[in-house]
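This report describes how the strands, the nonpolar cores and one helix of a protein chain are arranged. Please keep the sequence and the structure in view while reading.

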Amino acid sequence: MRAVYAQTLIELAEADERIVLLEADLMKASGTRPFRERFPERTFQMGVAEANMVSVAAGLSATGKIPFADTFACFAARRAYDQFFISGNYARQTVKLTGTDPGIAALYNGGTHMTFEDIGLMRNIPQLVVFEPADPVSLRRLVIRNAHTPGCAYMRLFRQQANVLYAESETFELGKGKVCADGTDVTLIASGVIPLNEALAARTLLAGEGLSAAVIDMHTVKPLDTELVLQYAKKTGRILTCENHQVINGLGSAVAETLSEQYPVRLKRIGVCDEFGEVGTLDYLKERFGLTAQHIAAQARRLVAND
């Protein structure tokens, strides 16, 4: 995923001299060294100073640049939040902030780096776009959309290998979810690499039991595609959200807010339940925090059974 991200930025920069890159001593982790090699004069290594990096990005925006600023999601969301809020968003600049290794993707960096609250923080910033691609194709398309959209945005980036879920011809729009599979009994709404892949696997498990599950890739959490949420709430009458984030103020909360105010139906939220992270392998962490296909399928069965 990080290789696709870097290559997409290079292609954008070749076509638009306003594109610049800022890094906080994590260029190897972010995979953006090829960008520096291609555009050394448009790459700014800011050191371990994330708040300053975001402030500088806002300053570059004020001079007409389109800055992309990258760091681990824990630092992007927690450490640089005030600078992003005030210097970027409140000042009406265009800062494209990327938080890598969101949630359990932090793996061996453990609880200090395991960001389960970044979407919740970012959802509170007025007019900010918050999104999380789920495969290399959607990553490329959404980064291009992001670059061409004025204003600030926050992207969660799973930087390791990810399954290709979409054809190269697929189109994406920020704020519009994608129906990956149709269904009639229950709707699984997921965001990000891990939840969407597990939701698709859960759909297969449910199909073996005669249950029809729709799967939606809600790559943009803000603005939420409320039209699609309501469409499938009316179609299936049961919604199950899946996210690599706290269930508090994340995707599940956004969907719950929409349903409670406009079309109440049965809803369950799968995510981290008010806990801190810990060190572990991806398989262990998925099991530990209930983000497996088996857990999703079990919760979907309960919804269908009205349990």
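## Strand pairing

Phe-72 has Thr-100 in strand S4 as its bridge partner. The model in which this pairing is found is a predicted one. Strand S3 (residues 66-72) and strand S4 (residues 96-100) run parallel and are joined by five bridges. In general, the strands of a sheet pair through backbone hydrogen bonds, either parallel or antiparallel.

An open sheet of seven strands, with mixed pairing, follows the order S2-S1-S3-S4-S6-S5-S10. Its edge strands, S2 (43-45) and S10 (220-222), each pair on one side only. On average, neighbouring strands of this sheet are turned by 20° against each other, direction ignored.

## Nonpolar cores

The largest nonpolar core contains 58 residues, and Phe-68 and Leu-188 have the most contacts inside it. Helix H9 (residues 193-207) supplies the largest share of this core, six residues. A second, separate core has 40 residues, among them Val-20, Leu-97, Val-130 and Leu-259.

Leu-188 touches several residues distant from it by more than four places in sequence, including Ala-199, Ala-202, Val-215, Leu-240 and Ile-296. In soluble globular proteins, nonpolar side chains tend to be buried together.

## Helix H9

At 1.5 Å a residue, the 15 residues of H9 should span 21 Å, and its end C-alpha atoms are indeed 21 Å apart, so the two values agree.

The buried residues of H9 include Val-193, Ile-194, Leu-196, Ala-199, Ala-202 and Leu-206. Among the elements that cover the buried residues of H9 are strand S8 (186-191), strand S9 (213-217), strand S11 (238-246) and helix H13 (293-304).

Key
Residues numbered from 1 in each chain as written. Predicted model: local features only at pLDDT ≥ 70, side-chain atom pairs only at ≥ 80, totals over all residues. Heavy atoms only, no water. Core = buried A, V, L, I, M, F, W, Y, C linked by side-chain atoms within 4.5 Å. Buried < 20%, exposed > 50% of the residue type's maximum accessible area, 1.4 Å probe, protein only. Helix = DSSP H or I, 4+ residues; strand = E, 2+ residues; numbered from the N terminus. Contact = heavy atoms within 4.5 Å. Pairing = 2+ DSSP bridges. Axes fitted to C-alpha atoms, helices over the stretch in contact; angles between N-to-C directions. Expected span 1.5 Å × (residues − 1).
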